[in-house]
Amino acid sequence: MCRLGGSTMAEFTGGDDYQADFDPKAYLRHYKFGEDTFGEDYLNFSLKHYCKTFTSGVVTGDTLIDIGSGPTIHQLLSACESFKEIIASDYTYRNHQELEKWLKNEPGAFDWTPVVKYVCEGKEAEKEAKLRKTIKQVLKCDVHKSNPMDPVILPPADCLVSSLCLEGACKDLTTYRIALKNISSLLKPGGHLVLSGVLGCSFYMVGPKRFSSLVLGEEFLREALSDTGFIIQEFEVLIRDDNTDDSCDFSGKFFILALGLQLA
Ligand SMILES: C[S@@+](CC[C@H](N)C(=O)[O-])C[C@H]1O[C@@H](n2cnc3c(N)ncnc32)[C@H](O)[C@@H]1O
């Protein structure tokens, strides 16, 4: 159920809605620093955890796959130092285009410099160059398929990252569990999953379009990960302490580092 402006709505927005109405430029407005947006709040939380995770020396390897990248790269800024190759992915064609625009440094690409500066002040150009070099492919992805990258068959990766994707893509908790299983098939045994997102969120706005979000709780996530064979190594939660931005009704943010897959 979605609460917006006091009314109650229950409309799920799926792949067709993302393909038709998810405007990458409108979404990226959430990630403009200094505008007190939901995205800025999320970045302040997640960038800190990405940095800690990917500089620990433990979460490292040859290949990292980012699931549901959207038009964004914030989730990969720290990771690009620890992996030789990154594969970005998303469901929509327009997100692929927006990401490619940034990768090729084309005019009109989103300016990530303020976010990059937050991660590594003084070394923005080097970091952007490094990330551009490390992202080798942008693939079509559907978390509802048993091989989410179908028809491409990828060798299992050392690490999976996914930020704010599954809660948007899944209509109920059963579908979320299946999607988690689907994406985990892309991971090597003993590889790492870095999963971040929002708790208690039923919708978020992308420009004038409302997208549904699956309401997640910490207990459900712990159970779903454990049932999929993951061992949770870190589970950070930050409860929302403001109500200024009404473009999203989340109650908290989470960041998970998990080790997979221990079950067959
Ligand atoms: C809220 S955005 C998150 C984007 C980015 N990862 C971030 O952290 O800002 C949700 C993304 O999930 C993608 N998505 C929706 N349904 C999907 C599906 N079935 N499979 C893969 N990605 C999907 C959307 O296209 C969109 O880019």
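In the predicted model, Asp41 is found in helix H3, which spans residues 38–54. Asp41 counts as buried because 20 other C-beta atoms lie within 10 Å, the cut-off for a buried residue being 20 or more. Although Asp41 and Arg240 are 199 residues apart in sequence, their C-alpha atoms are 9.2 Å apart in space.

Around the ligand there are 21 residues, of which Gly68, Gly70, Tyr91, Ser163 and Ala169 come nearest. Two elements, helix H1 (15–21) and helix H7 (166–169), give two or more residues each to this shell. By residue class, the shell is made up of eleven polar, eight nonpolar and two charged residues.

The UniProt record, an unreviewed entry, places the feature "binding site" at Tyr27, Gly68, Ser69, Asp90, Asn95, Asp142 and Val143. Two aspartates from this annotation, Asp90 and Asp142, were examined in further detail. Asp90 lies in strand S4 (residues 83–90) and is classed as buried because 26 other C-beta atoms are found within 10 Å. Residues up to four places away in sequence being left aside, Asp90 touches Gly68, Ser69, Gly70, Asn95, His96 and Cys141; Gly68, Ser69 and Asn95 also appear in the UniProt annotation.

Asp142, by contrast, is located in the loop that runs between strand S5 (135–140) and strand S6 (157–163). Asp142 has 17 C-beta neighbours inside 10 Å and therefore counts as partly exposed. With the same exclusion of residues up to four places away in sequence, the contacts of Asp142 are with Gly15, Tyr91 and Pro148, and Tyr91 is one of the residues that come nearest to the ligand.

Technical notes:
Residues numbered from 1 in each chain as written. Predicted model: local features only at pLDDT ≥ 70, side-chain atom pairs only at ≥ 80, totals over all residues. Near = placed C-beta within 6 Å. Helix = DSSP H or I, 4+ residues; strand = E, 2+ residues; numbered from the N terminus. Nonpolar A, V, L, I, M, F, W, Y, C, P; charged D, E, K, R; others polar. Buried ≥ 20, exposed ≤ 12 C-beta atoms within 10 Å, placed from the backbone. UniProt positions renumbered as here; feature names shortened; annotations may be inferred. Contact = placed C-beta atoms within 7 Å.
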